[in-house]
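I set out below, in the order of reading, what I looked up in this structure. The entries concern the domains, the ligand and one residue.

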Amino acid sequence: MQSKIEGYISEINAFTPANAEELEQFRIKFLGRKGIVGEMFEEFKQVTPEEKRVLGKVLNVFKQTAEAKVNEFKEQFENHQQQHSGIDLTLPGEPINIGSRHPLSLVRKEIVEIFSRIGFNVAEGPEIEDDWHNFSALNFPQDHPARDMQDTFFIQKDTGSDKGDIALRTHTSSVQVRMMEAGKPPFRAIMPGRVFRNEAISARAHCIFHQVEGLYIDENVSFADLKQTLYYFVQELLGKGTEVRFRPSFFPFTEPSAEMDVTCLICGGEGCNVCKYTGWVEILGCGMVDPNVLDNCNIDSKKYTGFAFGMGIERITMLKYQVKDLRLFFENDVRFLKQFQSEII
Ligand code: 2U9
């Protein structure tokens with residue numbers, strides 16, 4: 001039996017398969033269910049204990065030699081198959097299309113970062129509001145046109161509640177009201193969010209748009225603080241050297257009120273069709289919070305003063321990226337969107 005096994009070992013050592021098929025035949029012959037290795041192990045059971053001691057070792061070498069041959073060529077043939085199947089594992093991977101941030105998100109993120117650097121928190125509130133938080137607390141008279149169905153999307157009229165009708169918020173100012181009602185000064189926060197107005201959709205207006213409003217309430221906050229804060233904001237957002245000017249305006253919730261213009265981003269003040277040849281473009285409204293509003297929110301208007309401002313993100317994005325039609329922001333056409341900064345969220 002020993003010489004028979006040694007003969008098989010020599011046969012195995014001499015064997016070199018030409019392909020995977022030959023190797024498989026070899027495996028079946030020696031290591032298959034009815035193969036020679038199994039056969040030898042069966043015969044082994046019949047031999048005397050003395051013979052077993054010698055034969056056991058030879059038999060194990062036989063089995064290991066057969067297995068080693070199969071493994072050696074199996075690997076070789078697998079690699080060969082891979083190389084010839086056209087797959088090169090050393091090539092760099094296909095790039096993954098990771099998309100891009102929406103331009104409105106990019107600008108909102110930038111605005112939030114600028115105000116965060118000077119100590120403004122971010123506050124949010126509900127998009128469905130009651131009359132008190134959206135209008136009355138903000139000093140809107142009962143007959144103000146903004147309360148009209150033509151301007152506001154009402155959800156429920158005559159609620160019977162002292163907070164009044166329910167509507168989609170027309171500005172994020174309601175977040176400031178809620179913030180002041182719930183806490184104690186000082187307050188220093190910005191309120192980014194989606195707002196709704198009953199407007200016909202055109203290149204310059206939409207019934208849904210995005211705002212960032214801001215509020216700073218403390219003792220001795222002055223109009224000079226307002227001007228310096230907004231000046232800093234503009235230098236950061238639009239670049240050092242951008243000039244600003246304030247024009248008197250009117251809002252029910254601020255007194256005095258102003259609108260702020262910056263030197264035209266397109267022509268740098270020379271005059272073009274974007275700035276209608278004035279050299280200036282309006283980017284936000286602002287003012288000192290009306291004492292009536294502070295009192296409505298249980299803030300002592302004799303002790304505290306504050307400023308507030310508000311801007312439309314669509315308007316700033318249109319100026320910054322020279323987007324001519326506001327509807328592009330809502331259509332989600334990838335040919336438009338992919339032109340903006342691409343990054344992993
Ligand atoms: C409270 C007190 C005062 C927020 C302000 C503006 C001026 C303003 C417009 C800009 C373009 C709205 O998106 S827009 O149409 N906003 O001009 N907003 S001051 O004043 C507040 C807010 C809350 C309690």
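I first note that domain bounds come from an automatic or database domain assignment. On that basis I find the protein chain divided into domain 1 (2-83) and domain 2 (103-125 + 168-340). The C-alpha centres of domain 1 and domain 2 lie 82 Å apart.

I record that this is a predicted model, in which local features need pLDDT of at least 70 and side-chain atom pairs count only at pLDDT 80 or more, while totals for chains, interfaces and linings use all residues. Residues are numbered from 1 along each chain as its sequence is written, and side-chain values use heavy atoms, with hydrogens and water left out.

I turned next to the ligand. I count 19 residues around it, a residue being near if one of its heavy atoms lies within 4 Å. The closest are Gln176, Gln211, Phe251, Gly285 and Gly310. The protein buries 88% of the 570 Å² that the ligand exposes when taken alone (Shrake-Rupley method, 1.4 Å probe). Two or more residues of the shell come from each of α7 (173-182), β6 (208-218), β9 (280-289) and β10 (305-312); helices (H or I, at least four residues) and strands (E, at least two) are DSSP runs, numbered from the N terminus. With five residues, β10 gives the most to the shell around the ligand.

Last, I looked up Thr263, which lies in strand β8 (residues 254-263). Is Thr263 buried or exposed? I find Thr263 buried, because its relative accessible area is 16% and buried means under 20% (1.4 Å probe, protein chains only).

Technical notes:
Buried < 20%, exposed > 50% of the residue type's maximum accessible area, 1.4 Å probe, protein only.
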